[in-house]
Amino acid sequence: MRNIHKALCSVRTAFCMLMLIAMPALADDSVYKVEGIEVDVTAENAVEAREKAFEEAQVKAFEVLTEKLMTPFERETYEMPDVNTISGFVQDFEVTNEQLSAVRYKGTYTFRFRPGAIQGHMSDEEFSYSETPANPV
């Protein structure tokens with residue numbers, strides 16, 4: 001019985017250590033991932049509409065990210081960077097529910113932002129931020 005207890009304690013300890021190592025990586029992904037960004041853009045042709053939609057989606061996703069990371073007061077005083085700067089923060093993206101016509105583009109995007117780039121930007125702008133999302137009130 002004592003050997004079983006020791007074995008279970010060893011397994012539990014190993015599991016806890018693994019979770020401590022894995023949790024920061026999981027937290028980073030969830031904090032820097034923005035899902036469900038919908039865009040609907042009309043332009044002179046489909047290619048132009050798609051390009052404009054992608055730029056619009058990046059800006060919307062970054063706005064959602066700053067809402068997660070900053071306090072409401074900081075968001076009021078924060079000046080959004082241009083789309084080229086935001087593009088540099090994007091790690092990768094996914095498009096779902098894409099619809100395309102001759103002059104219109106609709107799509108839903110998921111963006112993952114590069115944690116190091118975002119942290120550096122927030123530090124450069126002298127904003128405090130939290131990587132732990134607040135619980136809903």
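Is Asn-97 buried or exposed? Select Asn-97 and see. Asn-97 is exposed, with a relative accessible area of 61%. Keep in mind throughout that this is a predicted model.

**Stop 1: Asn-97 and its strand**

Stay on Asn-97. This residue lies in strand 2. Check the backbone: phi of Asn-97 is near 55°. That is a positive value in a residue other than glycine.

**Stop 2: the whole chain**

Zoom out and color by secondary structure. The protein chain has 5 helices and 3 strands. Walk from the N terminus, and the elements come in the order α-β-α-α-α-β-β-α. Now color by accessibility. Of the 137 residues in the protein chain, 26% are buried.

**Stop 3: the nonpolar core**

As background, nonpolar side chains tend to be buried together in soluble globular proteins. Which residues have the most contacts inside the largest nonpolar core? Select Phe-62, Leu-65, Phe-113 and Ile-118. This core has 26 residues. Next, show the elements that give two or more residues to the core: strand 1 (33-42), helix 2 (46-69), helix 4 (83-89), strand 3 (104-113) and helix 5. Helix 2 gives the most, with 7 residues.

Center on Phe-113. This residue lies in strand 3. Phe-113 counts as buried because its relative accessibility is 1%, and the cut-off for buried is under 20%. Now add Val-34 to the selection. Phe-113 and Val-34 are 79 residues apart along the chain, yet their C-alpha atoms are separated by 8.2 Å.

**Stop 4: along helix 2**

Select residues 46-69 to show helix 2. Two residues here are worth a click.

- Ala-53 lies in helix 2. Ala-53 is buried, at a relative accessible area of 0%. Add Arg-104: the C-alpha atoms of Ala-53 and Arg-104 are separated by 9.5 Å, with their positions 51 residues apart along the chain.
- Glu-55 is also found in helix 2. Glu-55 is partly exposed, with a relative accessible area of 41%. Add Ser-87: Glu-55 and Ser-87 are 8.3 Å apart in space, C-alpha to C-alpha, and 32 residues apart in sequence.

**Stop 5: salt bridges**

How many salt bridges does the count come to? The count comes to 7 salt bridges. Visit three of them, with side chains shown as sticks.

Begin with Arg-50 and Glu-98. Their side chains meet in a salt bridge at 3.8 Å, N to O. Arg-50 lies in helix 2 and Glu-98 in strand 2 (residues 90-100), so this pair ties together parts that are 48 residues apart in sequence. Arg-50 is partly exposed, with a relative accessible area of 37%. Glu-98 counts as partly exposed too, at 44% relative accessibility.

Move to Glu-35 and Lys-33. Here the side chains meet in a salt bridge at 3.9 Å, N to O. Compare the two partners by accessibility. Glu-35 is exposed, with a relative accessible area of 56%. Lys-33 is partly exposed, with a relative accessible area of 28%.

Then select Glu-67 and Arg-75. The side chains of Glu-67 and Arg-75 meet in a salt bridge, again with an N to O distance of 3.9 Å. Glu-67 counts as exposed at 51% relative accessibility. The cut-off for exposed is over 50%. Arg-75 counts as partly exposed at 23%.

**Stop 6: a patch of negative charge**

Which residues gather in a patch of negative charge on the surface? Select Glu-79, Asp-124, Glu-125 and Glu-126. Pick out Asp-124. This residue is found in helix 5 (residues 115-124). Asp-124 counts as exposed, at 64% relative accessibility.

**Last look**

Show two selections together to close the tour. Put the negative patch of Glu-79, Asp-124, Glu-125 and Glu-126 in one color. Put Phe-62, Leu-65, Phe-113 and Ile-118, the residues with the most contacts inside the largest nonpolar core, in another. Then click one residue from each. Asp-124 is exposed, whereas Phe-113 is buried.

Definitions and conventions:
Residues numbered from 1 in each chain as written. Predicted model: local features only at pLDDT ≥ 70, side-chain atom pairs only at ≥ 80, totals over all residues. Heavy atoms only, no water. Patch = residues over 30% accessible without salt bridge, like charges linked within 9 Å, V, L, I, M, F, W, Y side chains within 5 Å. Areas by Shrake-Rupley, 256 points an atom, 1.4 Å probe, with all protein chains shown as cover. Salt bridge = Lys/Arg side-chain N within 4 Å of Asp/Glu carboxyl O. Lys, Arg positive; Asp, Glu negative; His and termini not counted. Charge placed at Lys NZ, Arg CZ, Asp CG, Glu CD. Helix = DSSP H or I, 4+ residues; strand = E, 2+ residues; numbered from the N terminus. Buried < 20%, exposed > 50% of the residue type's maximum accessible area, 1.4 Å probe, protein only. Core = buried A, V, L, I, M, F, W, Y, C linked by side-chain atoms within 4.5 Å.
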